[in-house]
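Biologist: I'm new to this one, and I'd like to learn how to read it piece by piece. Could you walk me through it?

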Amino acid sequence: MATDYNGYITTESIAGADDGPLAGTTVAVKDNISTEGVRTTCGSAMLDDYVSPYDATVVERLKAAGATIPGKTNMDEFGMGTTTETSAFGPTENPAAPGHVPGGSSGGSAAVVAAGDADMALGTDTGGSVRCPAAFCGVVGIKPTYGLVSRYGLVAYANSLEQIGPIAPTVEEAAELLEVIAGPDDADATTRDAREASAPDGETDESAYDYAAAADGDVEGLDIGVPTELVEGADPEVESVFWDAIADLEARGASYHEVDLESLRYAVEAYYVIAMSEASSNLARFDGVRYGQSGGYDGNWNETFARSREEGFGEEVKSRVLLGTYALSAGYHDKYYKQAQDARAWIKREFDEALSAADVLASPTMPVTPMPTGESLDDPLKMYLADANTTPVNLANLPAISVPAGETDEGLPVGLQLVGPAFGEKEIIRAGSALA
Amino acid sequence: MSDGETGDGDADDAAAVDPEAVRHVADLARIDLDDAEVERFTERFADVLAYFETLEEVPEVEGEADLANVMRPDEVRDSLSQEDALANAPETEDGYFKGPKVS
């Protein structure tokens, strides 16, 4: 079923098993996650007619759990964008805020959930791509700890940063979906078993994956750290909704203290250097020979590939691949890439310190409200800066959730982000469930 | 494909971006650009790279790598059939991918 806000790229339905925890539930899947026999475009003209020959592990798990996949959702091309406007299949409109972007890059996934056209959805989050659209569309999104969810069958953008995560109307439903997709996978060597990873050395926690049960709304005694760096830069109306939500949590028995995390000031720069660098390598595979758009040219191979890639990639993708190539090239590697890796280590350390003195860290998910459609592409730097609060979490490999915190006076949704320790999904689910 | 020489790579340079540098990087990345794109990217890259300059303020930080090798027995397993592996190729011949003809 196509939608009038352009939520889906493909609406071919994929049936799941008859029984299972998600029987009778529809779960839309972002179009960079492989579905056997159904095209997987990554929002790119390059892969316009690419039909995946196998299922991603998360898709196998959805089907085994009984879910029906109603379609593949629209997205920024290869995940590169914050507004779902870089899709080769046209922008998605925000059903919760008409005339505005749904956020990105998993904008289609958040939009179909917000509009009620799917019960839940999967997105992918490399620098905020699940949490941003969840916040902008007024739904819940979880970016899991690096290694919790298999990425086998996910078309790679920046491997060291990205995770597949659930989007749903409520925290409890998002937690149910996370239970289905989480867990180690032989086909993805970066996955870890949360039963071991969340327990002290040598011990196992058999209840590690019981995420839905953690959505009990109990925040009595919860200690919340608020990184000032992530609140100071926010729009005043966003900040006001954020503090109201913190007051709500306080009224239910939580307390908060502010923390200074100086390293977070460098997160956006570090994120873009690392993500673009990894993208320049990952997207080298699209040469129009094994798959992807071929210009049908003959002659020098490099020139032929360059013409196919000129035609197949959109402007934002070209820009990121070129900047990544630049950042890794001789003479500039130390200046950009090495400095970005230092920033990443610093951010990780400061987050760990802050989380030893707090149960969770809270901030607005996005420092801004959903942008009016058509305003962002002309000023990429401004679009990048909107990722200030989400990118640090990917750099630190930590889990985070975005829950609806309220609306501005104009009725635009605002999300609250909660960050937890590695494999501490239950902490952020419990805290988030007090609000949604 | 992204580890080539930029030719003018001097780490002390403030990010000086001219159309020639953009063309050179595009060549390394195997992406053709038309003149209008070169012009837009020259301006855009100057902005973005100037913004990345702030990373110079980041101190040297020792990152503790939390990495472990993941091994498995080297056993034969099912994989994609040749037919499936070739199904998305624009051109194939006798069970092979077919690349551009070198003139």
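Biologist: Let me start with chain B. At what angle do helix 1 and helix 2 of chain B pack, and how far apart are their axes?

Modeller: Keep in mind that this is a predicted model. For a helix pair, look at the angle and the distance together. Here helix 1 (residues 19–28) of chain B packs on helix 2 (residues 35–52) of chain B at about 105°, and the axes are 9 Å apart. Angles of 65 to 115 degrees count as roughly perpendicular, so that is the word for helix 1 and helix 2 of chain B.

Biologist: Which residues make that contact?

Modeller: From helix 1 of chain B you have Pro19(B), Val22(B) and Arg23(B), and from helix 2 of chain B come Val38(B), Glu39(B), Phe41(B), Thr42(B) and Phe45(B). Sort the contact by class and you get five nonpolar, one polar and two charged residues.

Biologist: What else is in chain B, and in which pattern?

Modeller: Chain B has three helices and two strands, and along the sequence they go α-α-α-β-β. As for burial, 18% of the 103 residues of chain B count as buried. You can also ask how far along the sequence contacts reach: among those in chain B between residues at least 6 apart, 42% join residues at least 24 apart.

Biologist: Now the two chains together. How many residues does each give to the contact?

Modeller: Chain B gives 46 residues and chain A gives 57. To read an interface, ask which elements supply it. On the side of chain B that touches chain A, helix 1 and helix 2 of chain B each give two or more residues. The largest share there, seven residues, is from helix 2 of chain B. By class, that side of chain B has 24 nonpolar, nine polar and 13 charged residues.

Biologist: On to chain A. In what order do the strands of its sheet lie?

Modeller: Sheet order needn't follow sequence order, so trace neighbours instead of numbers. In chain A, 11 strands make an open sheet in the order 1-3-2-4-6-5-10-11-9-7-8, with mixed pairing. At the edges are strand 1 (8–10) and strand 8 (255–259) of chain A, each of which pairs on one side only.

Biologist: Can we zoom in on one pair of neighbours? How many bridges join strand 5 to strand 6 of chain A?

Modeller: Two bridges join strand 5 (residues 140–143) and strand 6 (residues 163–168) of chain A, and these strands run antiparallel. Within the pair, Gly141(A) sits opposite Ile167(A) of strand 6. Helix 2 (residues 107–114) of chain A packs on this sheet, touching several strands, among them strand 5 and strand 6, and its direction makes about 155° with that of strand 4 (120–125) of chain A.

Biologist: Why can I call helix 2 of chain A largely enclosed?

Modeller: Count its buried residues. Eight of the eight residues of helix 2 of chain A are buried, so the rest of the structure largely encloses this helix. Among them are Gly107(A), Ser109(A), Val112(A) and Ala114(A). Just past the helix, Gly116(A) has a positive phi of about 80°.

Biologist: And which residues cover the two faces of strand 11 of chain A?

Modeller: For a strand, check each side in turn. On one side of strand 11 of chain A, Pro413(A), Gly415(A), Gln417(A) and Val419(A) are buried, and on the other Val414(A), Leu416(A) and Leu418(A) are buried too. With seven of its seven residues buried, strand 11 (residues 413–419) of chain A is therefore largely enclosed by the rest of the structure.

Biologist: How is strand 11 of chain A joined to strand 10 of chain A, and by how many bridges?

Modeller: Seven bridges join strand 10 (residues 400–407) of chain A to strand 11 of chain A, running antiparallel, with Val403(A) opposite Leu416(A). The two strands form a hairpin with five residues between them, and Gly411(A) in the turn has a positive phi of about 85°. Strand 9 (residues 360–364) of chain A also runs antiparallel to strand 11, with four bridges; one of the pairings is Ala362(A) with Leu418(A).

Biologist: Last one: which domains does chain A have?

Modeller: The domain assignment gives domain 1 (8–259 + 344–432) and domain 2 (265–342) of chain A. Their C-alpha centres lie 25 Å apart, and 33 residues of domain 1 are in contact with 25 residues of domain 2.

Definitions and conventions:
Residues numbered from 1 in each chain as written. Chains lettered and ligands numbered in written order. Predicted model: local features only at pLDDT ≥ 70, side-chain atom pairs only at ≥ 80, totals over all residues. Pairing = 2+ DSSP bridges. Contact = placed C-beta atoms within 7 Å. Axes fitted to C-alpha atoms, helices over the stretch in contact; angles between N-to-C directions. Buried ≥ 20, exposed ≤ 12 C-beta atoms within 10 Å, placed from the backbone. Parallel < 35°, antiparallel > 145°, perpendicular 65-115°, else oblique. Nonpolar A, V, L, I, M, F, W, Y, C, P; charged D, E, K, R; others polar. Domains from an automatic or database assignment.
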